[in-house]
Amino acid sequence: MRMSEFDEVIDRRGTASSKWNKFGADVLPLWVADMDFKSPAFIRDALATRIEHGVFGYTETPAELTDAVVEWIAEQFDWRISPDWLTFVSGVVPGF
């Protein structure tokens, strides 16, 4: 049986994680966007490739991402949306 990222327990206490360091051991913090699992290998590989570029800054949203979202919504929900309906933001809180 192949082990998935969800099978590995990662103890994040003592790693400067505000999620795990804010409360005592008797509280199970169930925050929205602070994961306790490794990202899948293909995501880590893509990030490593981007990091090798060595230059970081603000980028535009690639048209391929917009197209993929529009296509996914059509396939999953049979809903046709216009690409200009989409606005990409840096996180959940700025989105609110």
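Hi everyone. Let me start at the surface: Asp78 and Arg80 are both exposed. These two residues form a salt bridge, with their closest N and O atoms 3.6 Å apart. Please keep in mind that what we are looking at is a predicted model.

As a quick reminder of the chemistry, side chains of opposite charge can pair when their charged atoms come close. With a cut-off of 4 Å between a Lys or Arg side-chain nitrogen and an Asp or Glu carboxyl oxygen, the count for this model is 4 salt bridges.

Now to the pair I'd like you to find on the screen. Lys38 and Glu8 meet through their side chains in a salt bridge, at 3.7 Å from N to O. Why does this pair tie together separate parts of the chain? Lys38 sits in the loop between helix H1 (18-21) and helix H2 (41-53), while Glu8 belongs to the segment before H1, so the bridge joins parts that are 30 residues apart in sequence.

Are these two buried or exposed? Somewhere in between: Lys38 is partly exposed, with a relative accessible area of 40%, and Glu8 is partly exposed too, at 28%.

Next, have a look at Asp36 and Arg12, whose side chains form a salt bridge at 3.3 Å, N to O. Here again distant parts of the chain are linked: Asp36 is in the loop between H1 and H2, Arg12 is in the segment before H1, and 24 residues separate them. There is a third partner to mention, because salt bridges with shared partners join Arg12, Lys19 and Asp36 into one network.

That's my tour, thanks for listening!

Notes
Residues numbered from 1 in each chain as written. Predicted model: local features only at pLDDT ≥ 70, side-chain atom pairs only at ≥ 80, totals over all residues. Heavy atoms only, no water. Helix = DSSP H or I, 4+ residues; strand = E, 2+ residues; numbered from the N terminus. Buried < 20%, exposed > 50% of the residue type's maximum accessible area, 1.4 Å probe, protein only.
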